[in-house]
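Reader: I would like to learn how to read helix packing and buried cores from a set of coordinates. Could we work through one example together?

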Amino acid sequence: MEFASKGYFLLLLLLIPYILWYFLYSKKSEPALRMADTNPYRYAPKSWRVRLIHLPMFLRCITFILLVFILARPQTHNSWNNRQVEGINIMLAMDVSTSMLAEDLKPNRIEAAKNVAAEFIAGRPNDNIGLTIFAGESFTQCPMTTDHTSLLTLLKDARTDMAATGMIEDGTAVGMGLANAVSRLKDVKGKSKVIILLTDGSNNRGDISPMTAAEIAKSYGIRVYTIGVGTNKVAPYPMMVAGGIQYVNMPVDIDIQTLKEIAATTEGNFYRATNTAQLKSIYKDIDKLEKTKMSVKHYAKRYEAYQPFAMAVVFILLLEILLRITWFRRIP
């Protein structure tokens, strides 16, 4: 909690002369009863009224202190916050063509890729990360962000049925996916810019070839790490038929040579993942990337927090008045 007007705390100094005046004045103003000898009352027990005789004064001081707190404007500790963190700019380019439903990785290629990518994102909280997905076409699923909660939600929503239902054209537009990721990274500030491109096929769609996109990435100083996912021969692929799902052996057609050339052109690395364990190992290797400083801005609203103090003032003030006119009432 912060106080917007801390200068009002100087008013608390007024309590010092008030307390001094109270105790000095009370000695002079207390009523007295003349007696021949007060010795018999020396050991008389003190009542609770006598013991708590100064309670109204104490409550009055508490009320004054709380009023000063209200004048000082207590607020929640939220504000614009600029800080330097260690992180890099990463764009994930993920293939979501229908072939990613093949189950050579468990539970299938797309879910394995999403699960491992989610672990990778969770392990790099300071990185500026975005997500591009592609099949026969490409689009940005999530722009560059440090809000990884939103990023993980959008990653979870990436599905192969977008191509299967005709929302986007099916196929594998590696060049378009890479070019889309480059367009998101090229103007981002920071020395380290990385694309992690994951696919299980060969480029067969799009107006931009993979190598053209790689040259564009190189011109902007972007390193591309390519991952070819899938077994080396055939993979079980689920097909909908009358009465249920039938599995067929789908040939694995990964353009390894092109993926190697993309990585070499941009000074990145090429990886091959034939199972989920290898895919996890690949992301762990990429996790060792160089880190660089970035400026991250967080925003949150300020809220006035005087309400609890105001309610306490009303309660204590009423209690002090009630005690003064009842239990501690003085009869001249």
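Author: What follows is a conversation about helix pairs, nonpolar cores and one loop residue in this chain. Please keep in mind throughout that the model is predicted.

Reader: Before we turn to details, how many helices and strands are there in the chain, and what percentage of its residues is buried?

Author: The chain has 11 helices and 12 strands, and of its 332 residues 41% are buried. If one takes the contacts between residues at least 6 apart in sequence, 81% of them join residues at least 24 apart.

Reader: How should I describe two helices that pack against each other?

Author: Two packed helices are described by the angle between their axes and the distance between the axes. In this chain, helix 4 (residues 109-122) packs on helix 10 (residues 276-286) at an angle of about 30°, and their axes are 10 Å apart. An angle under 35 degrees counts as roughly parallel, so helix 4 is roughly parallel to helix 10. The crossing of these two helices, helix 4 and helix 10, is right-handed.

Reader: Which residues of helix 4 and helix 10 make the contact?

Author: Helix 4 contributes Ala-112, Ala-113, Val-116, Ala-117, Glu-119 and Phe-120, while helix 10 contributes Thr-276, Leu-279, Lys-280, Tyr-283 and Ile-286. Sorted by class, this contact of helix 4 with helix 10 holds eight nonpolar, one polar and two charged residues.

Reader: Is helix 4 roughly parallel or roughly antiparallel to helix 5?

Author: The axes of helix 4 and helix 5 (residues 148-157) come within 10 Å and cross at roughly 175°. Since an angle over 145 degrees counts as roughly antiparallel, helix 4 is roughly antiparallel to helix 5. On the helix 4 side the contact is made by Lys-114, Ala-117, Ala-118 and Ile-121, and on the helix 5 side by His-148, Leu-151, Leu-152, Leu-155 and Lys-156. The residues of this contact divide into six nonpolar, one polar and two charged.

Reader: How do I get from such contacts to the idea of a core?

Author: In soluble globular proteins, nonpolar side chains tend to be buried together. The largest nonpolar core here has 38 residues, and those that touch the most other members are Ile-196, Leu-198, Ile-227, Leu-279, Tyr-283 and Ile-286. Helix 4 gives the most to this core, with seven residues. If its neighbours within four places in sequence are left aside, Tyr-283 is in contact with Val-116, Ala-117, Phe-120, Ile-196, Leu-198 and Ile-227. Another core, of 26 residues, lies apart from the largest one, and among its members are Met-91, Ala-93, Val-174 and Leu-178.

Reader: Which residues meet where helix 8 packs on helix 9?

Author: The axes of helix 8 (residues 210-219) and helix 9 (residues 256-265) come within 9 Å and cross at roughly 15°, which makes helix 8 roughly parallel to helix 9. Helix 8 passes helix 9 in a right-handed crossing. Pro-210, Met-211, Ala-214, Glu-215 and Lys-218 of helix 8 meet Thr-258, Glu-261, Ile-262 and Thr-265 of helix 9, and by class these residues are four nonpolar, two polar and three charged.

Reader: To end with a loop residue, where is Ala-4 found?

Author: Ala-4 is found in the loop between strand 1 (2-3) and helix 1 (15-29), and with a relative accessible area of 43% Ala-4 is partly exposed. Although Ala-4 and Arg-73 are 69 residues apart along the chain, their C-alpha atoms are separated by 5.4 Å. Leaving aside neighbours within four places in sequence, Ala-4 is in contact with Ala-72, Arg-73 and Gln-75.

Conventions: Residues are numbered from 1 along each chain as its sequence is written. This is a predicted model: local features need pLDDT of at least 70, side-chain atom pairs count only at pLDDT 80 or more; totals for chains, interfaces and linings use all residues. Side-chain values use heavy atoms; hydrogens and water are left out. Axes are lines fitted to C-alpha atoms, for helices over the stretch in contact, and angles run from 0 to 180 degrees between N-to-C directions. Helices (H or I, at least four residues) and strands (E, at least two) are DSSP runs, numbered from the N terminus. Angles under 35 degrees count as roughly parallel, over 145 as roughly antiparallel, 65 to 115 as roughly perpendicular and the rest as oblique. A crossing is left-handed if the near helix is turned anticlockwise from the far one by less than a right angle, and right-handed if clockwise. Contact means heavy atoms within 4.5 Å. Ala, Val, Leu, Ile, Met, Phe, Trp, Tyr, Cys and Pro count as nonpolar, Asp, Glu, Lys and Arg as charged, and the others, Gly among them, as polar. A nonpolar core is a set of buried Ala, Val, Leu, Ile, Met, Phe, Trp, Tyr and Cys residues joined through side-chain atoms within 4.5 Å. Buried means under 20% relative accessible area, exposed over 50%, partly exposed in between (1.4 Å probe, protein chains only).
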